[in-house]
Amino acid sequence: AAMPAFRQVGEKQLPQEVVFMAWSPKRDLIALANRAGEVLLHRLANFQRVWSLPPNENTGKEVTALAWRPDGKILAFGLADTKRIILCDVEKPESLHSFSVDLSITYMHWMEVTEESSVLTSFYNAEDESNLLLPKLPALPKNYSTTAKIFSEEKSDEIMKLLGDVRLNALVLGGSSGFIEIYAYGMFKIATVTGVAGSCRGLCLSSDLKSLSVITEIQDSSDSEAEMTYFQASKLDTSLLSSYLPEVTRMARKFTHISTLLQYIKLSLTCMCEAWEEILMQMDSRLTKFVQEKNTSTSVQDEFMQLLLWGKASLELQALLMNQLTVKGLKKLGQSIESSYSSIQKLVISHLQSGSEALLYHLSELKGMALWKQKYESLGLDASAIEEAITAVGSFILKANELLQVIDSSMKNFKAFFRWLYVAMLRMSEDHVLPELNKMTQKDITFVADFLTEHFNEAPELYSRKGKYFNVERVGQYLKDEDDDLLSPPNTEGNQWFNFLKNSTHLKESPLLFPYYPEKSLHFVKRQMEGVIDQCLQKPADVVGKSVHQAVCMRLYKISQSEDSTPQLFKLPFLWNDKTSNMHYVLFTMLENSISKIHILRRHTDTSRSVSNGILAVEFGNILNNSINESSDSRCYSCLDAHFYDDETVTVVLKESVEQEGKERVLAQLPLSSVYTDEDQDRKFIWNSTERLDERSGEIPTCTVFLENQWRVLENMKAQYVSVNGIRKVSCVLSSNLRHVRVFEMDVEDDGEVEEEEEEETT
């Protein structure tokens with residue numbers, strides 16, 4: 001007996017049931033999702049685990065789809081319970097980007113555009129323009145919690161990783177009740193496709209963007225057996241995308257830059273909120289408690305003023321300062337205010353400002369595109385919406401600057417106040433006061449007095465809102481993520497610019513001036529900015545989506561759900577797009593005389609071809625050559641699963657259908673050349689769109705294939721599913737209990753010459 005084909009390189013029994021498998025397009029890595037909601041990455045060699053991402057409340061627990069970005073650097077997965085899509089870094093289990101969708105996702109396909117044109121090439125080369133004009137975004141500081149991890153690695157530039165290659169790639173999502181969306185670069189929604197019925201089981205966007213094939217499962221309610229469903233393959237014409245490919249690429253690229261920048265700004269803000277410490281609230285809460293407990297009628301402000309002017313404090317104030325605040329506590333408070341204010345200030349200057357300036361740059365470029373109507377209008381770019389987005393970013397920058405000024409004045413005030421209070425407290429405790437601390441000029445005294453008048457007045461209405469009488473600390477209010485107005489908005493009285501604007505009739509509504517929201521927090525203005533930018537991202541998706549129309553629709557077959565105990569996630573049919581010959585293939589199995597035969601449906605993606613549909617059933621002749629003693633029935637194999645391995649080969653899992661002991665399962669490679677021996681045989685079947693295919697399965701032309709050496713018996717394994725990658729020449733077989741995995745290298749060494757030719761073609 002010859003060596004078995006395909007080399008086994010690993011085998012594992014897994015603790016959880018696997019519901020998804022997807023090979024990386026570029027490396028020998030396979031991603032798995034299991035019933036527990038974990039996403040795992042394994043190596044081909046010995047099926048060794050690289051990392052696992054356990055389910056958490058931010059992402060979700062129920063994974064329903066997996067897809068790799070064509071460059072293999074990012075893995076996307078969809079979650080049903082939270083309706084989120086997560087883009088995860090292949091190097092470490094960390095979410096780089098995530099977004100929500102309206103319905104739960106049932107299928108994902110991530111493709112890359114292979115089209116070449118001089119316009120595109122020049123765009124690919126000029127992509128880095130923004131890098132020349134804009135300063136590089138500084139990495140976020142490391143010392144904050146996990147939220148900020150993504151942009152903080154100095155070694156790898158995460159934003160660049162998230163943006164990936166300039167060549168357009170698109171993540172196509174399909175979900176329940178006809179939900180289909182296309183995301184350029186996996187981040188910017190470029191089309192919302194409507195008009196497809198049923199829930200999506202397979203999707204394939206052709207690499208020239210001309211057509212989208214969809215397989216849906218429709219619950220037939222008119223049928224008495226309501227659990228029956230049938231599949232239909234529809235082909236949607238997406239020619240708007242392909243005819244405007246350079247524009248689509250350019251626009252999508254801009255929007256992707258914008259999404260990453262919004263993510264960056266969001267994380268910078270998170271860092272700022274973390275830099276602001278709770279200890280800074282101590283002053284407010286201590287003073288409030290003091291007001292509630294004291295017996296005298298003098299206000300807190302007056303108590304402090306008396307201490308400032310006469311150097312004498314009432315006993316109550318003394319108790320507050322010496323017993324509650326203490327000299328040590330005051331020092332600590334002073335230090336934390338200084339350190340946290342200065343780190344917030346740094347974050348505003350280096351991160352928020354550079355992020356929002358980059359955002360302004362990309363939005364202005366986008367506005368320029370929108371004004372070039374003959375190229376971009378049909379894609380739904382709208383200059384006025386972008387104008388609003390620019391204005392919103394402007395308002396955000398103004399708010400960030402206002403925060404800087406508040407920090408600046410607060411730091412000065414607190415320094416002077418704490419210095420004075422420190423000396424006063426040392427005197428109370430009759431400690432020795434160093435002479436250099438003791439020098440207080442008239443100017444300093446006025447400064448502290450002003451600070452006391454402005455910040456230490458009791459505000460009863462504040463108590464009803466926040467449960468405190470004081471708002472000494474003014475920075476925190478900007479970082480609160482609430483819709484409330486600011487507790488102490490900046491004082492604009494006597495500001496010449498404000499007065500000038502108030503009195504001028506023309507400038508008030510001028511589009512050149514960014515609106516300013518004096519009452520609102522930084523978070524509020526940021527949310528508003530995100531909302532406006534989302535609005536202007538929304539329009540192209542609707543416009544492009546409306547242009548997509550159905551070219552063909554074919555009813556395939558019914559499935560009874562009684563046999564359907566396995567998860568829906570692996571079920572055939574399987575779609576494949578052959579990039580070179582512009583063919584879409586659909587693989588599915590149909591039962592005939594209790595043997596499930598594989599059917600190959602192929603159609604040209606090019607709608608102008610007159611002959612477009614061909615279908616063929618394939619049955620497998622006896623492989624194990626034991627037909628001498630058995631009945632001479634040659635059709636003794638049922639097909640369990642089938643996937644395209646590359647453009648010329650299909651990988652199948654077969655099982656013997658003759659009832660006998662120790663039924664073997666077989667993994668085999670089926671070359672298409674042995675199926676399509678005569679070019680026109682699959683065109684003989686005459687389609688009739690009103691009938692379902694399985695009603696006429698007897699008329700479908702059948703071809704019998706004898707596999708020579710491209711097969712291998714899978715011993716001691718109830719193999720059921722297979723996942724393959726022809727680029728890396730690997731396959732992974734999964735058992736029917738979803739826990740037993742076996743991985744193979746598929747290179748067959750026997751016939752060297754044929755093999756080499758094939759390899760040259762695929763590379």
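Let's start at glutamate 402, whose side chain makes a polar contact with the side chain of tyrosine 516, at 2.5 Å. Keep in mind that this is a predicted model. There's a second tyrosine here too: the side chain of glutamate 402 also makes a polar contact with the side chain of tyrosine 478, at 2.3 Å. So where does this glutamate sit, buried or exposed? Glutamate 402 is buried, because its relative accessible area is 5%, and the cut-off for buried is under 20%. It lies in helix H11. Leaving out residues up to four places away in sequence, glutamate 402 touches Tyr478, Leu486, Pro490 and Tyr516.

Staying with H11 for a moment, let's look at the nonpolar side of things. The largest nonpolar core has 117 residues, and Phe304 and Phe417 touch the most other members. Which helix gives the most to this core? That's H11, residues 383–428, with 23 residues. As for Phe417, what does it touch once you skip residues up to four places away in sequence? The list is Met283, Phe304, Val448, Phe451, Leu452 and Phe456. And there's a second, separate core, of 27 residues, including Phe574, Tyr585, Leu672 and Tyr676.

Next, have a look at helix H5, residues 245–275. It has 31 residues, so at 1.5 Å a residue it should span 45 Å, and its end C-alpha atoms are indeed 45 Å apart. H5 is also largely enclosed by the rest of the structure, because 26 of its 31 residues are buried.

Now for two more charged residues. Lysine 526 is found in helix H17, residues 522–547. It's buried, with a relative accessible area of 6%. Not counting residues up to four places away in sequence, lysine 526 touches Lys266, Leu269 and Phe396.

The other one is aspartate 641, in strand S22, residues 637–646. Aspartate 641 is buried as well, at a relative accessible area of 1%. What does its side chain reach? The backbone nitrogen of valine 722, at 2.9 Å. In sequence, aspartate 641 and valine 722 are 81 residues apart, but in space they're 6.6 Å apart, C-alpha to C-alpha.

Let's zoom out to the whole chain. Its secondary structure comes to 19 helices and 29 strands. There are 763 residues, and buried ones make up 54% of them. If you take the contacts with a separation of 6 or more, 64% of them are between residues 24 or more positions apart. On the outside, the chain exposes about 34600 Å², with carbon and sulfur atoms supplying 50% of that.

Last topic, confidence. The pLDDT averages 79 over the chain, and 84% of the residues score at least 70. Among the elements, strand S12, residues 180–184, has the highest mean pLDDT, at 93, while helix H19, residues 752–762, has the lowest, at 32. Residues 562–569 have a pLDDT below 50, and beyond near neighbours in sequence this stretch has 11 contacts in the model. Residues 750–763 are also below 50, with nine contacts beyond near neighbours. Where pLDDT is low, the predicted coordinates shouldn't be read in detail.

Terms used
Residues are numbered from 1 along each chain as its sequence is written. This is a predicted model: local features need pLDDT of at least 70, side-chain atom pairs count only at pLDDT 80 or more; totals for chains, interfaces and linings use all residues. Side-chain values use heavy atoms; hydrogens and water are left out. A nonpolar core is a set of buried Ala, Val, Leu, Ile, Met, Phe, Trp, Tyr and Cys residues joined through side-chain atoms within 4.5 Å. Buried means under 20% relative accessible area, exposed over 50%, partly exposed in between (1.4 Å probe, protein chains only). Helices (H or I, at least four residues) and strands (E, at least two) are DSSP runs, numbered from the N terminus. Contact means heavy atoms within 4.5 Å. The expected span of a helix is 1.5 Å times one less than its number of residues. A polar contact is a pair of N or O atoms within 3.5 Å; within protein, one must be able to donate a hydrogen and the other to accept it, and residues adjacent in sequence count only if both atoms are side-chain atoms. Accessible areas come from the Shrake-Rupley method with a 1.4 Å probe; for residues, only the protein chains shown count as cover. pLDDT is the predictor's confidence in each residue, from 0 to 100.
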